[in-house]
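Visitor: I would like to learn how to read a few features of a protein model, beginning with the way one element packs against others. Could you take me through them one at a time?

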Amino acid sequence: MDGDIKMSKNINKYLPLTESTAYILLALKQPLHGYGVMQKVEIMSENTVKIGPGTLYGAFSTLEAEGLITKAGEEDRRKLFVLTSKGQEVIKEHIRRIEILAKNGAGTGNW
Amino acid sequence: MTTITKFHWFWAWDDEKEEAWLREMSQNGWHLSSVGIPGFYKFDQGFSKDYVYRLDFIRDRKDYDNYLQLFIDTGWDHLGEMGGWQYFRMESINGENLEIYSDNESKANKYQRILLLLVIILPLVINGLMIVSRRRGISDVFGIIFIGFILIYIYGITRILMRIGKLKKKI
(Lines give C-alpha, C1' and ligand atoms only; values in the text may rest on other atoms or scores of the structure.)
Protein backbone atom coordinates (compact mmCIF):
# COMPACT_ATOMS: atom_id res chain seq x y z
CA MET A 1 0.00 0.00 0.00
CA ASP A 2 2.78 2.37 0.99
CA GLY A 3 4.58 1.25 -2.12
CA ASP A 4 1.55 2.11 -4.26
CA ILE A 5 1.30 5.60 -2.84
CA LYS A 6 5.00 6.13 -3.34
CA MET A 7 4.78 4.88 -6.91
CA SER A 8 1.82 7.10 -7.79
CA LYS A 9 3.56 10.09 -6.24
CA ASN A 10 6.61 9.35 -8.37
CA ILE A 11 4.49 9.15 -11.48
CA ASN A 12 2.37 12.21 -10.80
CA LYS A 13 5.33 14.54 -10.95
CA TYR A 14 5.62 13.79 -14.69
CA LEU A 15 1.94 14.46 -15.35
CA PRO A 16 0.18 15.88 -17.26
CA LEU A 17 2.28 15.16 -20.34
CA THR A 18 2.13 17.44 -23.34
CA GLU A 19 0.41 15.92 -26.35
CA SER A 20 3.77 15.57 -28.15
CA THR A 21 5.42 13.83 -25.19
CA ALA A 22 2.48 11.45 -24.81
CA TYR A 23 2.79 10.45 -28.47
CA ILE A 24 6.56 10.06 -28.22
CA LEU A 25 6.14 7.67 -25.27
CA LEU A 26 3.41 5.71 -27.06
CA ALA A 27 5.61 5.40 -30.15
CA LEU A 28 8.50 4.07 -28.07
CA LYS A 29 6.74 0.88 -27.03
CA GLN A 30 9.10 -0.59 -29.63
CA PRO A 31 12.70 0.66 -29.99
CA LEU A 32 12.87 3.44 -32.59
CA HIS A 33 15.24 6.18 -33.69
CA GLY A 34 14.24 9.82 -33.90
CA TYR A 35 12.97 9.90 -37.46
CA GLY A 36 11.05 6.67 -36.86
CA VAL A 37 9.29 8.32 -33.92
CA MET A 38 8.39 11.36 -36.03
CA GLN A 39 6.84 9.25 -38.76
CA LYS A 40 5.00 7.02 -36.32
CA VAL A 41 3.60 9.98 -34.40
CA GLU A 42 2.31 11.58 -37.59
CA ILE A 43 0.50 8.40 -38.57
CA MET A 44 -0.83 7.62 -35.08
CA SER A 45 -2.10 11.15 -34.54
CA GLU A 46 -3.72 11.27 -37.99
CA ASN A 47 -1.49 14.26 -38.81
CA THR A 48 -2.65 16.31 -35.83
CA VAL A 49 0.77 16.18 -34.16
CA LYS A 50 3.99 16.94 -36.02
CA ILE A 51 7.25 17.05 -34.07
CA GLY A 52 10.24 19.06 -35.27
CA PRO A 53 13.76 17.58 -35.00
CA GLY A 54 14.91 20.21 -32.47
CA THR A 55 11.91 19.49 -30.27
CA LEU A 56 12.31 15.73 -30.55
CA TYR A 57 16.03 15.83 -29.77
CA GLY A 58 15.36 17.87 -26.64
CA ALA A 59 12.50 15.57 -25.64
CA PHE A 60 14.71 12.49 -25.95
CA SER A 61 17.35 14.07 -23.69
CA THR A 62 14.81 15.10 -21.08
CA LEU A 63 12.92 11.80 -21.10
CA GLU A 64 16.17 9.84 -20.88
CA ALA A 65 17.35 11.96 -17.93
CA GLU A 66 14.00 11.36 -16.21
CA GLY A 67 14.34 7.63 -16.77
CA LEU A 68 11.15 7.31 -18.83
CA ILE A 69 13.03 6.09 -21.90
CA THR A 70 16.41 4.43 -22.32
CA LYS A 71 18.92 3.88 -25.08
CA ALA A 72 18.25 0.63 -26.92
CA GLY A 73 21.13 0.58 -29.38
CA GLU A 74 22.49 2.43 -32.35
CA GLU A 75 21.87 2.19 -36.09
CA ASP A 76 24.20 4.14 -38.45
CA ARG A 77 24.71 7.16 -36.19
CA ARG A 78 21.08 7.02 -35.06
CA LYS A 79 20.37 6.32 -31.41
CA LEU A 80 17.46 4.00 -30.69
CA PHE A 81 15.30 4.55 -27.63
CA VAL A 82 12.66 2.46 -25.89
CA LEU A 83 10.19 2.96 -23.06
CA THR A 84 11.30 1.93 -19.54
CA SER A 85 8.88 0.36 -17.04
CA LYS A 86 8.64 3.73 -15.32
CA GLY A 87 7.84 5.31 -18.70
CA GLN A 88 5.12 2.70 -19.21
CA GLU A 89 3.53 3.53 -15.86
CA VAL A 90 3.58 7.24 -16.68
CA ILE A 91 1.96 6.88 -20.11
CA LYS A 92 -0.64 4.44 -18.75
CA GLU A 93 -1.64 6.88 -16.00
CA HIS A 94 -1.75 9.73 -18.51
CA ILE A 95 -4.05 7.73 -20.81
CA ARG A 96 -6.29 6.80 -17.85
CA ARG A 97 -6.72 10.50 -17.10
CA ILE A 98 -7.35 11.35 -20.76
CA GLU A 99 -10.05 8.66 -20.87
CA ILE A 100 -11.78 10.26 -17.88
CA LEU A 101 -11.61 13.61 -19.67
CA ALA A 102 -12.93 12.07 -22.90
CA LYS A 103 -15.85 10.47 -20.98
CA ASN A 104 -16.75 13.86 -19.51
CA GLY A 105 -16.50 15.48 -22.90
CA ALA A 106 -18.50 12.83 -24.76
CA GLY A 107 -21.59 15.03 -25.07
CA THR A 108 -19.84 18.14 -26.38
CA GLY A 109 -20.52 17.13 -29.99
CA ASN A 110 -24.17 18.08 -29.45
CA TRP A 111 -23.46 21.54 -28.00
CA MET B 1 30.18 29.95 -60.02
CA THR B 2 30.18 33.38 -58.44
CA THR B 3 30.90 33.45 -54.74
CA ILE B 4 30.75 36.40 -52.40
CA THR B 5 31.57 36.93 -48.76
CA LYS B 6 29.33 39.30 -46.89
CA PHE B 7 29.72 40.82 -43.49
CA HIS B 8 26.60 41.20 -41.38
CA TRP B 9 26.51 41.27 -37.61
CA PHE B 10 23.66 39.63 -35.74
CA TRP B 11 23.45 39.36 -31.97
CA ALA B 12 22.53 36.06 -30.38
CA TRP B 13 19.04 37.36 -29.58
CA ASP B 14 18.46 38.35 -33.22
CA ASP B 15 18.65 34.82 -34.60
CA GLU B 16 15.19 35.10 -36.16
CA LYS B 17 16.27 38.23 -38.04
CA GLU B 18 19.33 36.34 -39.24
CA GLU B 19 17.12 33.50 -40.49
CA ALA B 20 14.90 35.97 -42.35
CA TRP B 21 17.92 37.71 -43.90
CA LEU B 22 19.38 34.42 -45.15
CA ARG B 23 16.00 33.46 -46.66
CA GLU B 24 15.83 36.81 -48.43
CA MET B 25 19.37 36.35 -49.78
CA SER B 26 18.33 32.97 -51.24
CA GLN B 27 15.21 34.47 -52.79
CA ASN B 28 17.60 36.86 -54.55
CA GLY B 29 19.74 33.95 -55.75
CA TRP B 30 22.46 34.05 -53.10
CA HIS B 31 22.66 30.82 -51.15
CA LEU B 32 24.64 30.45 -47.95
CA SER B 33 27.47 27.98 -48.55
CA SER B 34 29.39 28.15 -45.32
CA VAL B 35 29.85 29.97 -42.03
CA GLY B 36 32.94 30.17 -39.88
CA ILE B 37 34.19 33.49 -38.63
CA PRO B 38 31.39 35.28 -36.72
CA GLY B 39 29.72 37.87 -38.92
CA PHE B 40 31.12 36.57 -42.22
CA TYR B 41 28.86 34.65 -44.58
CA LYS B 42 29.85 32.94 -47.83
CA PHE B 43 27.24 32.82 -50.57
CA ASP B 44 27.12 30.99 -53.90
CA GLN B 45 25.09 32.49 -56.70
CA GLY B 46 22.34 30.36 -58.21
CA PHE B 47 18.69 30.38 -59.15
CA SER B 48 16.32 32.12 -56.80
CA LYS B 49 14.97 29.63 -54.28
CA ASP B 50 12.73 29.86 -51.26
CA TYR B 51 15.11 28.32 -48.77
CA VAL B 52 14.10 28.42 -45.12
CA TYR B 53 17.04 28.75 -42.72
CA ARG B 54 16.88 27.69 -39.09
CA LEU B 55 19.50 28.22 -36.42
CA ASP B 56 19.78 25.85 -33.52
CA PHE B 57 22.15 26.21 -30.61
CA ILE B 58 23.94 23.17 -29.27
CA ARG B 59 27.48 22.62 -28.05
CA ASP B 60 27.30 18.96 -27.08
CA ARG B 61 30.06 17.07 -28.92
CA LYS B 62 29.44 13.58 -27.57
CA ASP B 63 26.14 13.16 -29.34
CA TYR B 64 26.73 15.44 -32.33
CA ASP B 65 26.46 12.76 -35.07
CA ASN B 66 23.19 11.45 -33.74
CA TYR B 67 21.90 15.01 -33.41
CA LEU B 68 22.80 15.96 -36.99
CA GLN B 69 21.44 12.70 -38.38
CA LEU B 70 18.01 13.46 -36.94
CA PHE B 71 17.88 16.77 -38.82
CA ILE B 72 19.22 15.21 -42.04
CA ASP B 73 16.61 12.42 -41.83
CA THR B 74 13.92 15.09 -41.55
CA GLY B 75 15.13 16.78 -44.73
CA TRP B 76 17.32 19.57 -43.35
CA ASP B 77 20.75 20.32 -44.82
CA HIS B 78 23.42 21.19 -42.30
CA LEU B 79 25.50 24.07 -43.64
CA GLY B 80 27.92 24.46 -40.81
CA GLU B 81 28.52 25.54 -37.26
CA MET B 82 29.66 28.76 -35.68
CA GLY B 83 30.38 28.81 -31.97
CA GLY B 84 27.60 26.39 -31.15
CA TRP B 85 25.15 27.82 -33.70
CA GLN B 86 24.00 25.18 -36.15
CA TYR B 87 22.86 26.39 -39.56
CA PHE B 88 20.12 24.31 -41.19
CA ARG B 89 18.33 24.81 -44.48
CA MET B 90 15.35 23.31 -46.28
CA GLU B 91 13.51 24.40 -49.40
CA SER B 92 10.00 25.63 -48.73
CA ILE B 93 7.36 24.53 -51.22
CA ASN B 94 4.43 26.95 -51.62
CA GLY B 95 5.74 29.24 -48.89
CA GLU B 96 5.25 26.55 -46.26
CA ASN B 97 6.65 27.59 -42.88
CA LEU B 98 9.22 25.03 -41.83
CA GLU B 99 10.23 24.74 -38.19
CA ILE B 100 12.78 22.73 -36.26
CA TYR B 101 10.89 23.40 -33.02
CA SER B 102 7.25 22.40 -32.96
CA ASP B 103 6.40 23.91 -29.59
CA ASN B 104 7.35 26.99 -27.59
CA GLU B 105 8.64 25.06 -24.62
CA SER B 106 11.44 23.39 -26.58
CA LYS B 107 12.16 26.67 -28.37
CA ALA B 108 12.53 28.36 -24.98
CA ASN B 109 15.01 25.63 -24.01
CA LYS B 110 17.24 26.69 -26.90
CA TYR B 111 17.45 30.22 -25.47
CA GLN B 112 18.07 28.79 -22.02
CA ARG B 113 21.12 26.98 -23.39
CA ILE B 114 22.43 30.26 -24.82
CA LEU B 115 21.74 32.02 -21.53
CA LEU B 116 23.53 29.33 -19.56
CA LEU B 117 26.62 29.71 -21.74
CA LEU B 118 26.60 33.50 -21.37
CA VAL B 119 26.34 33.21 -17.60
CA ILE B 120 29.11 30.61 -17.45
CA ILE B 121 31.57 32.60 -19.56
CA LEU B 122 30.84 35.98 -17.93
CA PRO B 123 33.42 35.52 -15.12
CA LEU B 124 35.98 34.46 -17.75
CA VAL B 125 35.27 37.55 -19.83
CA ILE B 126 35.58 39.85 -16.83
CA ASN B 127 38.74 38.06 -15.75
CA GLY B 128 40.25 38.46 -19.22
CA LEU B 129 39.46 42.15 -19.31
CA MET B 130 40.98 42.54 -15.84
CA ILE B 131 44.22 40.88 -16.90
CA VAL B 132 44.50 43.14 -19.96
CA SER B 133 43.77 46.21 -17.85
CA ARG B 134 46.42 45.25 -15.32
CA ARG B 135 49.02 44.81 -18.01
CA ARG B 136 48.29 47.99 -19.86
CA GLY B 137 47.15 50.12 -16.98
CA ILE B 138 43.59 51.37 -16.87
CA SER B 139 43.34 54.05 -19.49
CA ASP B 140 40.14 55.99 -20.14
CA VAL B 141 39.73 54.24 -23.48
CA PHE B 142 40.00 50.84 -21.91
CA GLY B 143 37.59 51.84 -19.15
CA ILE B 144 35.00 52.80 -21.75
CA ILE B 145 35.46 49.55 -23.69
CA PHE B 146 35.17 47.60 -20.45
CA ILE B 147 31.95 49.30 -19.41
CA GLY B 148 30.58 49.08 -22.96
CA PHE B 149 31.24 45.37 -23.03
CA ILE B 150 29.55 44.74 -19.71
CA LEU B 151 26.54 46.83 -20.76
CA ILE B 152 26.12 44.86 -24.01
CA TYR B 153 26.42 41.67 -21.99
CA ILE B 154 23.73 42.72 -19.54
CA TYR B 155 21.54 43.93 -22.39
CA GLY B 156 21.96 40.61 -24.20
CA ILE B 157 21.08 38.57 -21.14
CA THR B 158 17.99 40.75 -20.62
CA ARG B 159 16.88 40.32 -24.24
CA ILE B 160 17.27 36.54 -24.05
CA LEU B 161 15.40 36.42 -20.72
CA MET B 162 12.58 38.42 -22.32
CA ARG B 163 12.46 36.02 -25.26
CA ILE B 164 12.23 33.05 -22.90
CA GLY B 165 9.49 34.79 -20.91
CA LYS B 166 7.47 35.46 -24.06
CA LEU B 167 7.76 31.86 -25.24
CA LYS B 168 6.81 30.49 -21.81
CA LYS B 169 3.68 32.62 -21.70
CA LYS B 170 2.55 31.14 -25.01
CA ILE B 171 2.79 27.58 -23.71
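Guide: We should begin with the word contact, which means heavy atoms within 4.5 Å. With that in hand, and keeping in mind that this is a predicted model, we can take helix α2 of chain B: its buried residues pack against α3 (34–44), α4 (53–65) and β3 (78–83) of chain A, together with β4 (51–57), β5 (77–82) and β6 (85–91) of chain B.

Visitor: Which residues of α2(B) are the buried ones, and why can the helix be called largely enclosed?

Guide: Buried means under 20% relative accessible area. Eight of the 11 residues of helix α2 (residues 64–74) of chain B are buried, and therefore the helix is largely enclosed by the rest of the structure. The buried residues are Y64(B), N66(B), Y67(B), L68(B), Q69(B), L70(B), F71(B) and D73(B). Just after α2(B) comes G75(B), with a positive phi of about 110°.

Visitor: Several of those residues carry rings; which aromatic cluster do they belong to, and which charged end sits over the ring of Y64(B)?

Guide: Y64(B), Y67(B) and F71(B) are members of one aromatic cluster that also includes F88(B) and, from chain A, Y57(A). Over the ring of Y64(B) sits the charged end of R61(B), 4.1 Å from the ring centre. A similar reading applies to R89(B), whose charged end sits over the ring of Y51(B), 4.3 Å from its centre.

Visitor: How many aromatic pairs are there over all chains, and how should I read the geometry of one of them?

Guide: A search of the whole structure finds 18 aromatic pairs. One of them joins F10(B) and W21(B), with 5.5 Å from centre to centre and 50° between the planes, which makes the pair tilted. It links distant parts of the chain, since F10(B) is in the loop between β1 (3–7) and α1 (15–27) of chain B and W21(B) is in helix α1 of chain B, 11 residues apart. F10(B) is buried, with a relative accessible area of 14%, and W21(B) counts as buried as well, at 13% relative accessibility.

In the pair of W13(B) and Y155(B), the centres are again 5.5 Å apart, but the planes stand at 85°, and the pair is edge-to-face. Because W13(B) lies in the loop between β1 and α1 of chain B and Y155(B) in helix α4 (residues 140–169) of chain B, the pair ties together parts that are 142 residues apart in sequence. W13(B) counts as buried at 7% relative accessibility, whereas Y155(B) is partly exposed, with a relative accessible area of 43%.

Visitor: Turning to chain A, in what order do its elements run?

Guide: The secondary structure of chain A comes to five helices and three strands, and from the N terminus on the elements run α-α-β-α-α-β-β-α. Buried residues make up 41% of its 111 residues, and the C-alpha atoms fill a box of roughly 50 × 40 × 20 Å along the principal axes.

Visitor: Is E74(A) in that chain buried or exposed, and what is it in contact with?

Guide: E74(A), in strand β2 (residues 69–75) of chain A, is exposed, with a relative accessible area of 52%. Leaving aside neighbours within four places in sequence, E74(A) is in contact with K79(A) and L80(A). From C-alpha to C-alpha, E74(A) and H94(A) are 29 Å apart in space, with their positions 20 residues apart in sequence.

Definitions and conventions:
Residues are numbered from 1 along each chain as its sequence is written. Chains are lettered from A and ligands numbered from 1 in the order in which they are written. This is a predicted model: local features need pLDDT of at least 70, side-chain atom pairs count only at pLDDT 80 or more; totals for chains, interfaces and linings use all residues. Side-chain values use heavy atoms; hydrogens and water are left out. Rings of Phe, Tyr and Trp (its six-membered ring) pair if their centres lie within 6.5 Å; planes under 30 degrees apart count as stacked, over 60 as edge-to-face and the rest as tilted. Helices (H or I, at least four residues) and strands (E, at least two) are DSSP runs, numbered from the N terminus. Buried means under 20% relative accessible area, exposed over 50%, partly exposed in between (1.4 Å probe, protein chains only). A charge sits over a ring if NZ of Lys or CZ of Arg is within 6 Å of the ring centre and within 35 degrees of the ring normal.
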